[in-house]
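User: Hi! I have a protein model open and would like to go through some of its features with you.

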Amino acid sequence: MDGEKFYNNGTYDYHPLGEQVKLINPMFADTDANGKHYRNSRIIGMEIKLDIPYDSPTYIIGEKASYSRLGQLEDKIESITVSGKQVADANGGSGVYVIGENDVTPETDSNVYSARRTRNNFLSKIEDDIAQGIIRFVKGLKFGAKAVDNPLGISSDGIATLREIVSAAFRSGALGSGFKLGDYNGSGDSYLEVDRLLVRKAAEFVRLVIRELQSVGGEIVLSPAAMKVSNVVYFAKGTVLPEYNGSALRYDVYRCYFSQKKGDEEIENQFAVGDLVRCQTFNVKKGVNENVKNRYYWRKVYKVGKDFIDVLADFCDTGSDIPQAGDELVQMGNTTDTARQSVVVLSAYGADAPSFKMYYGVDSYSLENKEVFVLSRQEMFAIADKFRFVTHKANGEIESTQSFAELVMSVDGLKSTVNNNKSEVDGQITTINSQITQTAGKITTLTNEQTAMGNKISKIEQSTEKISLQVETTTNLKNCIVGSALRPWDDIVKIAAGLSQAVNIINGGGVGGSNYAVFNASGATANTWTGLYFKDVRVTPGKKYIFSVWVKVIRATDNGAYYTIKRFDNGVAGALVESKNYPNIVGDWALYTSQITVPSGCSRLMIETAIRKNGTINLCRPMLMEGTEYGGWSLSAYDKTEAGKLESGLKRAGIDIENDKITATADKFEVRNNSGEVTASVNEKGLLEVGAGVFSGLIRKKMTEITPENLKEYVSDVPALALGNIQIDFEKTGSFVKFTGNIKAMTKADVVIVPPFYMPNHTDWGKLSTKTVYEAMAYVGQTIIVVNDSDTEMTTIGYTSMDFDHASKYFSRGQGAMMTCVVNKGQNSCTVVWNGRQLPFFNPALESESDPTSTADEPITTTEEEQPKE
């Protein structure tokens with residue numbers, strides 16, 4: 001047996017034992033209907049390979065089962081029970097024979113189909129299926145859900161009850177396509193729309209509306225040319241005509257003549273070679289009711305004369321009629337000339353009437369996908385390169401002109417013109433929701449305000465034990481450029497070289513009604529640069545940003561208009577990041593975008609945009625936002641209102657009142673007097689700043705424990721750890737620290753504790769280096785205590801005098817150092833130094849219970865360039 005057939009995509013299409021087979025051989029006596037000699041037999045055995053079962057199995061055919069151990073085993077079976085029902089026994093009881101997939105055994109009341117045979121032979125009621133033969137439904141068909149008001153279906157008499165029949169490519173109208181039989185615009189009237197209709201015997205019309213395709217004063221079809229045929233002459237291929245300069249015709253043509261006179265007026269032939277002319281008329285006349293037929297053809301113009309056109313006889317739309325006198329011809333397209341491929345159609349009757357349709361690019365005998373503007377009761381759409389909206393004053397003067405892009409400012413979060421008086425409002429779309437929730441033990445009040453600039457949430461929770469108040473404001477502002485709105489209170493830096501070069505800010509009239517800048521320069525004989533600077537643009541190093549700006553060229557520049565983005569580290573213009581020119585095309589507002597990547601280590605940029613020499617451009621809405629796609633213009637989170645306050649930003653504040661306790665949460669907490677002066681403040685790190693203070697009672701130090709897990713959080717120079725230098729950030733830790741755990745694994749060297757300032761080149765480590773004299777003087781009187789409860793020895797640098805217990809000047813576990821900042825007086829100067837001594841710490845309260853051998857992070861390594869130099 002063929003292995004591929006047996007494999008059957010992995011389901012093993014085998015023939016079961018006992019299946020009937022038909023043996024074909026001339027030696028057999030029986031003859032079938034095809035005259036072939038045959039004999040019926042059965043499969044009594046099968047051999048298959050164990051490693052590859054589907055590799056050419058062998059069947060044994062016969063009428064007597066061969067001896068096998070399986071047969072002996074079957075003889076020992078006394079009975080077979082399936083689902084509790086005995087189907088065979090040792091006393092000769094018969095079982096149920098299963099007819100398999102390819103079994104030709106006739107069906108009887110004593111055998112059954114296998115599951116696979118059933119699946120392949122019968123249609124499914126629950127799955128999609130395909131009938132391979134004809135199915136006859138004696139009682140008919142029903143469609144849709146079973147309901148009393150659903151009569152859809154086909155009866156046994158062949159009567160179909162349907163809502164409508166519509167072809168896949170149906171488009172309504174005189175220039176449409178396809179067919180439809182159904183309801184007329186939901187009115188309940190039946191409606192039939194087809195391209196051609198043949199009535200063999202009689203047609204009765206209660207009312208007949210004739211729609212001819214004409215060009216009459218631009219009322220129905222507007223196209224470059226039209227005519228009414230006065231006479232038609234057929235010329236066969238090979239005919240020699242004078243209009244063809246003595247050359248024989250290459251194609252069969254119909255010459256359609258038209259009258260050149262209409263009263264006293266002379267009619268000019270407006271057709272051109274390559275035009276596609278269409279005729280669609282109905283020859284109904286008063287008193288005529290037999291042989292009524294509409295006429296249709298769409299043909300190509302091959303030759304144009306003074307009073308005729310030649311149209312091709314064989315190259316035309318399918319089903320085109322032969323031209324004849326009285327036909328109305330309308331030019332509808334051209335095969336090559338794009339200027340003659342436009343058609344305008346007005347219709348006051350039909351399924352989608354009233355309608356106004358414009359077609360462009362008609363270069364064949366089809367209007368499919370050629371619509372560029374449709375205005376009808378069913379649909380409205382338009383395709384164009386640009387949309388503009390113009391408003392007029394009462395005297396007819398143009399008040400404003402806006403592009404379609406300028407009208408989407410609500411998406412951009414700008415101002416919008418919303419009434420006939422052109423009153424401008426802030427384009428923030430605001431939604432305010434309030435919600436009160438009460439449960440058995442708690443009352444919650446939640447107010448949420450969503451605007452284009454951000455979201456504001458206030459929440460009050462009250463229970464029997466607690467009152468909690470929370471206010472949260474988040475911002476949607478994503479522009480990194482401050483002052484991009486070009487408002488009077490924005491800080492704008494202008495570039496203008498002289499009197500003939502000027503930068504003016506115009507209030508309103510930009511994209512979305514925004515302010516815009518006018519760069520105007522004339523009379524310059526060299527580059528003078530007229531434009532704007534946007535400095536100190538805050539960015540994140542290594543991130544991708546999109547720069548965007550709207551530009552409108554009023555007068556072409558003679559040496560280009562451009563934008564340049566540079567580094568602005570420490571307030572100084574640096575290396576160039578990107579520079580490009582704007583297209584020098586006079587026209588309407590256009591959006592220009594470009595993607596940049598901020599250089600490593602750069603957190604500030606400067607953006608310059610200007611015209612180099614002479615010309616005039618308008619510019620508005622510059623923006624730099626993080627990401628790879630333009631997301632619409634917005635203000636910056638750092639922009640200011642007219643009052644000078646931040647427009648919006650990310651702010652969080654909360655107050656909890658619980659059990660005689662008030663908790664204030666904020667990144668910065670300030671206390672001001674009645675004059676508005678800050679008298680005390682606390683920042684997010686807990687740094688308290690006060691003008692003065694009086695303390696009563698004991699002031700004590702709080703000890704900070706430094707472990708391998710938090711070491712990096714408390715040092716100011718992480719790369720120095722690899723050398724053993726631990727520069728502690730004492731503003732975070734305080735002046736009392738204790739080292740515990742496996743510190744040595746973090747440094748791979750003995751630890752050197754570095755005080756807040758030191759002079760490494762000074763023999764006594766005493767003079768200032770990392771601090772100015774005034775900064776160092778602020779530490780006078782401070783005492784630093786370092787306790788070693790780790791697995792490594794420690795020492796300290798940056799002192800003038802230090803009393804050690806031994807010459808090695810290291811202190812091990814259980815010991816520590818205490819240094820005090822003092823002023824040493826010299827003959828003509830003084831120095832700010834650290835003096836101290838080594839101390840043993842025997843108090844168990846200061847001993848660490850942590851395991852000094854605990855594992856820590858991987859040791860920090862540095863490159864040669866990162867290592868501190870002597």
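User: Is Asn570 buried or exposed?

Analyst: Happy to help, and please keep in mind that this is a predicted model. Asn570 belongs to the loop that links β42 (561–567) and β43 (576–581). Its relative accessible area is 79%. Since the cut-off for that class is over 50%, Asn570 is exposed.

User: What is the phi of Asn570 near?

Analyst: Asn570 is a residue other than glycine, yet its phi is positive. The value is near 55 degrees.

User: Is Leu486 buried or exposed?

Analyst: Leu486 also has a positive phi, near 55 degrees, in a residue other than glycine. This leucine is found in a loop, the one between β36 (466–475) and β37 (493–495). Its relative accessibility is 0%, and the cut-off for the class is under 20%, so Leu486 counts as buried.

User: Which strands are at the edges of the open sheet of five strands?

Analyst: The order across this sheet is β15-β25-β26-β27-β28, and the pairing is antiparallel. An edge strand here pairs on one side only. That description fits β15 (221–222) and β28 (380–382).

User: Which residue in β28 is the bridge partner of Leu375?

Analyst: Strand β27 covers residues 371–376 and runs antiparallel to β28, with three bridges joining the two. One pairing links Leu375 to a residue in β28. That partner is Met380.

User: Which element gives the most residues to the lining of the second largest pocket?

Analyst: This pocket holds about 1,100 Å³ of space. The elements that give two or more residues to its lining are β51 (688–690) and α5 (730–733). With three residues, the element that gives the most is α5.

User: How many nonpolar residues are in the lining of the second largest pocket?

Analyst: The lining has 30 residues, and those nearest the pocket centre are Leu687, Phe730, Glu731, Lys732 and Gly734. By class, eight of the lining residues are polar and seven are charged. The nonpolar count is 15.

User: How many contacts beyond four places in sequence does the model have for residues 844–870?

Analyst: Confidence first: the protein averages a pLDDT of 77, and 72% of the residues score at least 70. Over residues 760–768 pLDDT stays under 50, and the model has 24 contacts beyond four places in sequence there. Residues 844–870 also keep a pLDDT under 50. For that stretch, the number of such contacts is 52.

Key
Residues numbered from 1 in each chain as written. Predicted model: local features only at pLDDT ≥ 70, side-chain atom pairs only at ≥ 80, totals over all residues. Heavy atoms only, no water. Pairing = 2+ DSSP bridges. Helix = DSSP H or I, 4+ residues; strand = E, 2+ residues; numbered from the N terminus. pLDDT = per-residue confidence, 0-100. Contact = heavy atoms within 4.5 Å. Buried < 20%, exposed > 50% of the residue type's maximum accessible area, 1.4 Å probe, protein only. 1 Å grid on protein atoms, 1.4 Å probe; cavity = no way out; pocket = protein on both sides within 12 Å on 5 of 7 lines; lining within 4 Å. Points joined across faces, edges and corners; volume = space filled by probe spheres on them. Nonpolar A, V, L, I, M, F, W, Y, C, P; charged D, E, K, R; others polar.
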